[in-house]
Amino acid sequence: MRLLLTIWAAKLAVLGIRLLGRRGTHLPGLIARRLHPGIIGAIAHPARVVAVTGTNGKTTVSNLLAEALSAQGLRVASNRYGSNLAAGIATTLIEAVTWTGRSRCDIAIIELDERSARLILPGLRADVLVCMNLTRDSIKRNAHPAYIAWILSSALPSTTALILNADDLIASSIGSVENHRTYFSVDRQPEDGVRPSGAAVDVAICPVCDHRLEWDYWRFNHIGKARCPACGFRSPEASYRVSEIDRQAGQLTLELAGDSRPARLINDNIVNVYNEIAVAATLDQLGISRESIAAVFDTLAPPTTRFATETVGQVTLVRLLTKGLVGVACSRAFEYLASIPGRKSVVLNIDEATERENEVENTCWTYDADYDYLADDSVGQIVVGGVRRHDQALRLAIAGVDPARIVTVESEIAAADRVELDDADVVFNLHSVHNADSTGTPVQTRLRDRLVDREETA
């Protein structure tokens with residue numbers, strides 16, 4: 001009876017919050033966990049449960065999986081709005097059952113905050129766990145990625161099958177010998193190197209014998225294919241790979257356990273190439289036909305709060321998630337920006353929303369990020385908004401950006417009015433996770449309106 005009362009209370013909370021025009025993804029689960037601390041394990045689960053975790057990519061992969069499986073006719077439970085802590089996951093599971101507590105979904109796709117694994121995984125009892133990567137994250141809560149790997153491993157049931165990034169020596173190490181393991185990777189690409197560089201490299205020595213690792217290819221941070229010349233240790237071999245990427249044609253080749261399939265490239269940023277092969281590997285492990293797997297990418301795209309591009313007149317407007325407090329994620333966004341041809345203007349609003357009220361976050365994370373990419377001559381102006389604008393401006397100057405190209409504005413949204421459009425071929429709107437709706441969306445709207453006004457005037 002306690003379980004039913006908890007379900008009813010949470011469902012009523014969901015209804016009440018949504019009547020107020022809000023999503024109601026966190027508070028109902030918080031109420032449920034107060035009434036029944038073991039609700040995640042006690043409630044009826046869908047027939048299959050897939051958890052997706054990692055430092056970066058978990059929201060995109062979870063959403064893509066949910067869309068792909070829904071397109072196959074399955075009833076999918078998913079925390080697609082990114083409420084990935086214990087309370088949000090409890091809400092998702094409660095919404096996936098009837099008022100009498102019976103499951104009404106075929107499968108659950110659960111995005112899981114990796115730091116919270118010990119509160120969630122034992123009760124969730126996921127059939128499959130996908131780990132995208134484990135890299136440096138917020139210093140105030142995540143410490144070293146190897147610590148997060150230990151948290152995940154200590155919480156994993158032995159019955160959970162693992163789908164892991166073979167190109168990440170930390171992520172690929174989680175779990176125990178009892179967990180079934182499948183790996184995905186991206187083959188060496190022309191732009192890859194063989195020697196680590198950049199601000200943050202978290203794996204440099206062999207985990208077996210402590211000898212310095214060598215790399216068949218190195219991509220960023222500790223992502224690549226490594227080997228030890230002393231003891232023979234090497235990155236695991238992947239059954240699921242991207243073998244070729246044709247950015248001009250917008251295609252890639254998926255290697256699905258020996259079966260090659262061409263597929264649409266959903267986004268040319270390397271992080272989204274990893275997201276795509278992770279989705280393909282998971283769908284294949286779930287028994288979706290390979291014809292359907294290749295076809296499903298024809299209609300899938302990353303969430304628009306993560307990436308969106310549009311053209312107004314002769315100018316391309318790009319919205320790109322740039323995860324504040326996470327140096328590795330920022331580096332990937334900056335690298336992508338620098339790779340795009342043409343003259344660029346940038347709006348940089350990557351303060352987390354919490355910093356507007358609580359300005360105690362250690363800013364040393366900015367020195368884990370490769371701001372050097374923004375010192376490229378193709379970047380004509382960077383307008384920085386938010387409470388950390390002066391810290392960001394200093395970091396940009398240290399990285400070699402000409403201070404004359406840097407403008408600071410207190411208001412994040414007002415930054416959209418200060419950016420120069422006349423000489424730009426591409427305008428970038430860079431925002432963080434928790435200011436995506438409050439800042440990223442209105443900035444995108446304002447930039448679009450300014451570009452449209454300019455076209456009409458011309």
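In what order do the six strands of the open sheet line up? The legends below get to that, view by view. This is a predicted model, where local features need pLDDT of at least 70, side-chain atom pairs count only at pLDDT 80 or more, and totals for chains, interfaces and linings use all residues. Residues are numbered from 1 along each chain as its sequence is written, and side-chain values use heavy atoms, with hydrogens and water left out.

**View 1. The open sheet and its six strands.** The order is 12-13-17-14-15-16, and the pairing is mixed. Two strands pair if DSSP finds at least two bridges between them; strands themselves are DSSP runs of E with at least two residues, helices are runs of H or I with at least four, and both are numbered from the N terminus. At the edges sit strand 12 (307-312) and strand 16, each pairing on one side only. From one strand to the next, the twist averages 15°.

**View 2. Strand 15 beside strand 16.** Strand 15 (residues 379-385) and strand 16 (residues 406-409) pair in the parallel sense over four bridges. Look for V383, whose bridge partner in strand 16 is V407, and for V384, which stands opposite T408. With helix 12 (residues 389-398), these two strands make a right-handed β-α-β unit (with the strands pointing away from the viewer, the path from the first strand over the helix to the second runs clockwise).

**View 3. Helices lying across the sheet strands.** Helix 12 lies across strand 14 (344-349), strand 15 and strand 16, and runs at about 170° to strand 16. Helix 14 (residues 436-457) lies across strands 12, 13, 14 and 17, at about 180° to strand 13. Angles run from 0 to 180 degrees between N-to-C directions, and axes are lines fitted to C-alpha atoms, for helices over the stretch in contact.

**View 4. Helix 1 meets helix 5.** Helix 1 (residues 2-19) packs against helix 5 (residues 86-95) at about 100°, with axes 10 Å apart. That makes helix 1 roughly perpendicular to helix 5 (65 to 115 degrees; under 35 is roughly parallel, over 145 roughly antiparallel, the rest oblique). I7, A10, K11, V14 and R18 in helix 1 meet T91, I94 and E95 in helix 5; contact means heavy atoms within 4.5 Å.

**View 5. L3 in helix 1.** L3 is partly exposed, because its relative accessibility is 27% (buried is under 20%, exposed over 50%, partly exposed in between, using a 1.4 Å probe and protein chains only). Not counting residues up to four places away in sequence, L3 touches H36, I39, A42 and I43.
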